[in-house]
Amino acid sequence: MARPPRRLLLQAFQSFLNSFKRHQTKPVLKGEDSLGNKYFESVPTAASNRTKPHRYYLPRAGEEDFHQELPAEWEAWLRGRRKVPPTPEEIAQNYQTMLQTKENARKLAAESKDSKLLDNPSSPRGYESFPKYGSEFEDIPGRFLDKKDSKS
């Protein structure tokens with residue numbers, strides 16, 4: 001059984017005519033971050049060709065800088081990686097996790113300064129764990145493992 005024709009020219013012409021019609025919905029304020037940026041979403045209507053909602057943000061009043069850092073949760077929402085906008089509770093929880101991670105990194109850095117591996121600069125970390133072979137092998141080019149039996 002044959003399929004009906006797709007009528008590509010008709011579809012293209014209808015899309016062209018629909019592009020002149022005002023069929024956008026009013027943007028809805030979805031939230032505001034701690035920096036004062038406001039985030040909006042406008043859902044496409046049935047007459048438009050868009051399938052995904054249009055999401056954007058406006059920087060805080062008086063600033064025209066769109067190159068500023070955005071919170072990771074809001075950026076994920078803007079790019080469509082998450083469907084629902086972040087809640088203030090979620091942002092606060094993620095901020096606490098970030099502070100805890102920084103504190104743990106600071107503790108690890110302090111512990112590594114006390115470590116004996118960093119106090120001995122003559123042997124690089126992990127080098128001493130390589131196996132030692134017979135005197136016919138070189139550990140460094142030109143230097144044999146057994147100094148007595150060195151070949152030139």
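## Exercises on a predicted chain

At 10% relative accessibility, Glu-41 counts as buried, where buried means under 20% relative accessible area, exposed over 50% and partly exposed in between, with a 1.4 Å probe and protein chains only. The model is predicted, so that local features need a pLDDT of at least 70 and side-chain atom pairs count only at pLDDT 80 or more, whereas totals for chains, interfaces and linings use all residues. Residues are numbered from 1 along each chain as its sequence is written, and side-chain values use heavy atoms, with hydrogens and water left out.

**Exercise 1.** Determine which residue forms a salt bridge with Lys-30, and where the two partners lie.

*Solution.* Begin with the criterion, a side-chain nitrogen of Lys or Arg within 4 Å of a carboxyl oxygen of Asp or Glu. Lys-30 meets it with Glu-41, their closest N and O atoms being 3.5 Å apart. The pair links distant parts of the chain, since Lys-30 belongs to strand β1 and Glu-41 to strand β2, 11 residues apart. Next compare the surroundings: Lys-30 is partly exposed at 36% relative accessibility, while Glu-41 is buried at 10%. Finally, extend the pair to a network of salt bridges, in which Lys-30, Glu-41 and Arg-55 are linked.

**Exercise 2.** Describe how strands β1 and β2 are paired.

*Solution.* Strands (E, at least two residues) and helices (H or I, at least four) are DSSP runs, numbered from the N terminus, and two strands pair if DSSP finds at least two bridges between them. Strand β1 (residues 28–32) and strand β2 (residues 38–42) are joined in the antiparallel sense over four bridges. One step along this ladder is given by Glu-32, whose bridge partner in β2 is Lys-38. Five residues lie between the strands of this hairpin, and there Gly-36 takes a positive phi near 95°.

**Exercise 3.** Establish whether Glu-75 and Arg-79, which form a salt bridge, are buried, partly exposed or exposed.

*Solution.* The closest N and O atoms of Glu-75 and Arg-79 are 3.1 Å apart. Glu-75 is partly exposed, at 27% relative accessibility, whereas Arg-79 reaches 58% and counts as exposed.

**Exercise 4.** Find where in the chain the confidence is lowest and where it is highest.

*Solution.* Use pLDDT, the predictor's confidence in each residue from 0 to 100. The chain averages 79, and 73% of the residues score at least 70. Confidence is lowest in helix α4 (residues 116–119), with a mean of 50, and highest in helix α2 (residues 72–78), at 93.
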